Amino acid sequence: MQQLTGLDASFLYLETANTPMHISSVVIYDPSTAPNGKVRFKEILKNTEARSCRVPSMTNVLVNVPMSLDHPYWRTEGSFDAEFHIRHMALPAPGDWRQLCILIARLHARPLDRSRPLWEMYIIEGLDNVEGCPKGSFAVFNKVHHAAVDGASSAQIAVAIHDLSPDYAVAKKDVVVIKPEKAPSSWDLIVKSQINSIKKPFRFLSVARNTIPGVARTIAGLTTGKLERITNIPRTRFSGTISPHRIFDAATFDFQEIRKIKNSVAGATVNDVALAICGGALRKYLAHHDELPEESLVAMAPVNLRTEDQSGTGGNQVTQMTVALCSDIEDAYERLEAVHEGTANAKQLTNAIGAKAMTDYNQFIPATLTASAARLASSWGLANKIKPAYNCVITNVPGPQIPLYYTGARMVNSYGLGPPLDGNGLFHVISSYCGQLNVSVTSCREMMPDPAFYVECIEESFNELKEAALIHTKESSA
C-alpha cells in the first residue's frame, strides 16, 4: 500500500457536501474514423477496461486509518467494475452544445463513491447539433478525485486509453494483470500511524532546515522591494460560500492567433495571454453587473513541480502562484503587458522560497484537524467573513498537437473542469489540442447563473486583445 501525501489527502479533507473535490474532462469524438463508422458501447467497455488497469488511479481504493490518526492509504484491487464506472447516456434532440453543458454541470456536481476507485466515466451520445463537431459525435465525461491526480498527472489516463491511429486493437502488452493487495487490519493501520507520529518531528526538522534559506531570501527580497506580494485582493460575487450546483461552458480559439498575441510582447507566454483574456472577461462580466472593483482581481495559478523523470507519475505535485489579472486596466494591450510583468514577479517569489518546500509542510498538518476545520468553515460560512486569498483559479494543462483516437474515434476537442470552493467559486481550465486553445469555465450556479454571457465576455476579451496586438505589431514594424 502507498500512503497519500499531505497534499493528496488535503483534497479528501476539504471535501464537503457542497464541494466535491474531483477534476473532470469533456472530450468529444467523431466515430466516422472507426471501423464501419461506428463505436459500440461494448467496445468502449472492453477497450477501456483492458488499458486502464495500467493506471494506478483506476484500480486503487481508499483505506482510511481508524479515528483519522494518519493520512489514508491507497490499496490496489487490481481491477475495477467496468459496468459501474463507465455509464452510457444520450442527449435528447436536438443534441446541442447548451444541452451538453447543462448535463456536464449536473454530472460534475455529484460526489464520487469513496468505497470504490475514485473515478467515473460517462459516454454521452446524441451530439448531433454541436458547432464544429460532425453529426453523430459522442462525448466522454471523465471524473477523477483530486486526491488521486492533478491536472498534469491526469494525462496518464488519456495516454493509456488513446491511440495515434484509428486502429485500436488491444495488444497483449496492453492487458496487465495486477495482483490485489490484502486489506490491512485496523490494528496494523494504528501501529503504522504511531510509527509515523514518532518519525514526523524528525522529518519536520529536515524540511524546516531546507526551507530556512528560502524564507530568508524571500524576507530580504520583500524588504528591499525586489519581490512583491499581492495583498489588496477585492471581494467579488465568487468570494462567498458556494451551493452544490454547478455550471460549465467553454470558448475555443485558434492557437496560432494566441501565439501571434504572445509574440507582440517580448518574453510573454501563452499562459500570460490566457490570464489577460480572463482578466478582460472578468472586467466585462462584473462591470455588466455593476460589481467591478477598483482593485485588480487575482488568480491562483497551479504550477507543476514534476521533473522529466517524474513525468506520468500520479498524485499531486504542484505548488501555486498568485497572479494579478489586471482587471483594473481597460486597455487590452496594456493589460497583457502588466500581466506579463506580474507573472514574472510571481515566479520570482515562488522560486525564492522554493516551490517544492512550500508543499512539503502539508505532510505535517494533522488529518483530524484539517477535516474538522473544513467542515466548520463550511457550516459557519467563514468564506463570507474573511478576506479572500484569490478570486479564481486559472490552470493551464497543455494537450497534444497531434490527432488522438479512442476506440477508433478521432478526438475533436477537449475541455476541463475543476472544483469550485467556498471563497473561490470560479475555476478556469486552459487546455490545447491540435491547433486549438480552449478556456473552460466551472462555477457555482448561484454565483454565475449566466455562463453563456461570461463566455461571450471571454470571446470579446480575446478579440480586443487580438486587435490591439495586431495594431502594436504594425506600429512596431513601421
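In this predicted model, S24 lies in strand β2, and the serine is buried, with a relative accessible area of 8%. Strand β2, which spans residues 22-30, pairs with β13 in the antiparallel sense over 7 bridges, and β13 in turn belongs to an open sheet of 6 strands. The points below begin with S24, move outward through the sheet, and then turn to S440 and to a pair of helices.

**Surroundings of S24**

- The side chains of S24 and H108 are joined by a polar contact of 2.9 Å.
- When neighbours within four places in sequence are left aside, the residues in contact with S24 are H108, F141, N142, K143, Y415, G416 and L417.
- With a relative accessible area of 8%, S24 falls below the 20% limit that is used here for a buried residue.

**Strand β13 and its partners**

- Of the 9 residues of strand β13 (residues 409-417), 8 are buried, so the strand is largely enclosed by the rest of the structure.
- Within the antiparallel pairing of β2 and β13, S25 has G416 as its bridge partner in β13.
- Strand β12 (residues 405-406) also runs antiparallel to β13, to which it is joined by 2 bridges, and Y406 stands opposite A409 of β13.
- The hairpin of β12 and β13 has 2 residues between the strands, and in this hairpin T407 takes a positive phi near 50 degrees.

**The open sheet**

- The 6 strands follow the order β5-β6-β7-β2-β13-β12, and their pairing is mixed.
- The edges are occupied by β5 (86-90) and β12, each of which has a single partner strand, so that one side of each is left without a neighbour in the sheet.
- At the β5 edge, β5 and strand β6 (residues 119-127) pair in the parallel sense over 5 bridges, with I86 standing opposite M121 in β6.
- Helix α2 (residues 41-52) packs on this sheet, where it touches β5, β6, β7 (137-145) and β12, and the direction of α2 makes about 155 degrees with that of β5.

**S440 in strand β15**

- S440 is found in strand β15, which covers residues 436-444, and is buried, with a relative accessible area of 0%.
- Although S440 and D249 are 191 residues apart along the chain, their C-alpha atoms are separated by 5.9 Å.
- Leaving aside neighbours within four places in sequence, S440 is in contact with F248, D249, A250, Y415, G416, F427, H428 and V429.
- The side chain of S440 reaches the backbone nitrogen of G416 at 3.4 Å, and G416 is also the β13 bridge partner of S25.
- Y415 and G416 are among the contacts of S24, and both also appear among the contacts of S440.

**Packing of helices α8 and α9**

- The axes of helix α8 (residues 255-263) and helix α9 (residues 270-288) come within 9 Å and cross at roughly 95 degrees, which makes α8 roughly perpendicular to α9.
- On the α8 side the contact is made by F255, I258, I261 and K262, while α9 contributes V270, V273 and I277.
- The residues of this contact divide into 6 nonpolar, no polar and 1 charged.

Note on methods. Residues numbered from 1 in each chain as written. Predicted model: local features only at pLDDT ≥ 70, side-chain atom pairs only at ≥ 80, totals over all residues. Heavy atoms only, no water. Buried < 20%, exposed > 50% of the residue type's maximum accessible area, 1.4 Å probe, protein only. Helix = DSSP H or I, 4+ residues; strand = E, 2+ residues; numbered from the N terminus. Pairing = 2+ DSSP bridges. Axes fitted to C-alpha atoms, helices over the stretch in contact; angles between N-to-C directions. Parallel < 35°, antiparallel > 145°, perpendicular 65-115°, else oblique. Contact = heavy atoms within 4.5 Å. Nonpolar A, V, L, I, M, F, W, Y, C, P; charged D, E, K, R; others polar. Polar contact = N/O pair within 3.5 Å; in protein donor to acceptor, adjacent residues only side chain to side chain.
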